[in-house]
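Reader: I am new to this structure and would like a close look at a single part of it. Please choose one strand, explain the terms as you go, and show me what surrounds it.

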Amino acid sequence: MENGDRIQTYHKSRLVPGAESLPFGDALSFLKPVFEHLGGATGNYAPEKDAKVLYSQSGIGVDPVICYESIWGGYIARSVKKGAQFIAIITNDGWWENTSGKDQHLDYAKLRAIETRRWVCQSANTGISGFINQRGDVVKHTEWWTKTSIKQDINLNSELTFYVKHGDYIPQAGSIFAGIGILFLLGMRLRKKQTLTV
């Protein structure tokens with residue numbers, strides 16, 4: 001927030017399937033009670049069009065990440081390209097209850113720190129809050145479902161990593177080669193069957 005009349009806002013972009021966005025809503029409306037149990041509501045919310053960076057008066061850029069958005073590495077990389085110097089994740093992990101989901105959410109934050117070489121400040125009002133450095137180490141964290149507060153000095157970074165610059169090319173290329181390999185094997189199998197029948 002700035003000391004003035006300019007208020008910066010951000011609306012969640014990556015909506016949780018089912019709880020916040022139900023694809024084919026008419027055809028899948030029978031699933032609404034299941035998603036209501038998980039997220040408390042079902043519907044189609046209006047998302048932000050793209051990743052965004054919020055700036056302080058001194059010019060420090062932060063990537064505002066809301067809950068489920070933290071699993072999208074490429075999405076967060078777009079904010080970093082736009083000038084985010086650290087990542088702030090806010091989430092309500094209460095619907096995970098005491099399962100591994102809350103821990104996995106923190107693990108995804110570690111991946112984002114490593115990919116972007118940015119500190120991550122995660123505030124989870126019912127989950128695990130913490131500070132993660134640029135190497136993915138959890139420097140400080142709270143326990144699950146505990147009323148407390150923590151504070152930490154963080155480092156800002158403006159350099160762009162290979163991942164931020166080039167994205168998910170390695171897994172995408174791997175997927176393409178795997179698809180080609182599967183088609184090749186199917187073709188070989190069909191050719192073998194044809195040879196045996198002749």
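Author: Two strands are said to pair if DSSP finds at least two bridges between them, while strands (E, at least two residues) and helices (H or I, at least four residues) are DSSP runs, numbered from the N terminus. The model is a predicted one, in which local features need pLDDT of at least 70 and side-chain atom pairs count only at pLDDT 80 or more, whereas totals for chains, interfaces and linings use all residues. Residues are numbered from 1 along each chain as its sequence is written, and side-chain values use heavy atoms, with hydrogens and water left out.

The part to look at is strand E4, which covers residues 120–124 and has four of its five residues buried, where buried means under 20% relative accessible area, exposed means over 50%, and partly exposed lies in between (1.4 Å probe, protein chains only). With strand E3, residues 86–91, E4 forms a parallel pairing over five bridges, and within this pairing Ile89 stands opposite Gln122 of E4. To get from E3 to E4 the chain passes through helix H3, residues 101–116, in a β-α-β crossover that is right-handed; that word applies if, with the strands pointing away from the viewer, the path from the first strand over the helix to the second runs clockwise.

E4 also pairs with strand E5, residues 130–132, this time in the antiparallel sense and over three bridges. Here Cys121 has Phe131 of E5 as its bridge partner, and the two strands are joined by a hairpin through five residues.

Seen in its wider setting, E4 belongs to an open sheet of six strands with mixed pairing, whose order is E1-E2-E3-E4-E5-E6. Its edge strands are E1, residues 54–55, and E6, each of which pairs on one side only. At the E1 edge, the pairing with strand E2, residues 61–66, is antiparallel and has two bridges, with Tyr55 standing opposite Gly61 in E2.

The helix of the crossover deserves its own description, since H3 lies across E3, E4, E5 and E6 and runs at about 160° to E4. For that angle, axes are lines fitted to C-alpha atoms, for helices over the stretch in contact, and angles run from 0 to 180 degrees between N-to-C directions. H3 has 16 residues and reaches 23 Å from its first C-alpha to its last, close to the 22 Å expected, the expected span being 1.5 Å times one less than the number of residues. Its buried residues include Gly101, His105, Leu106, Ala109 and Arg112. Taken together, the buried residues of H3 pack against E3, E4 and E5, and also against helix H2 (73–81), strand E6 (138–141) and helix H4 (162–166), contact meaning heavy atoms within 4.5 Å. Just after H3, Arg117 takes a positive phi of about 55°.

One residue elsewhere in the sheet is Ile66, which is found in strand E2. Leaving aside residues up to four places away in sequence, Ile66 touches Tyr10, Lys12 and Ile90. Although Ile66 and Asn92 are 26 residues apart along the chain, their C-alpha atoms are separated by 9.1 Å.
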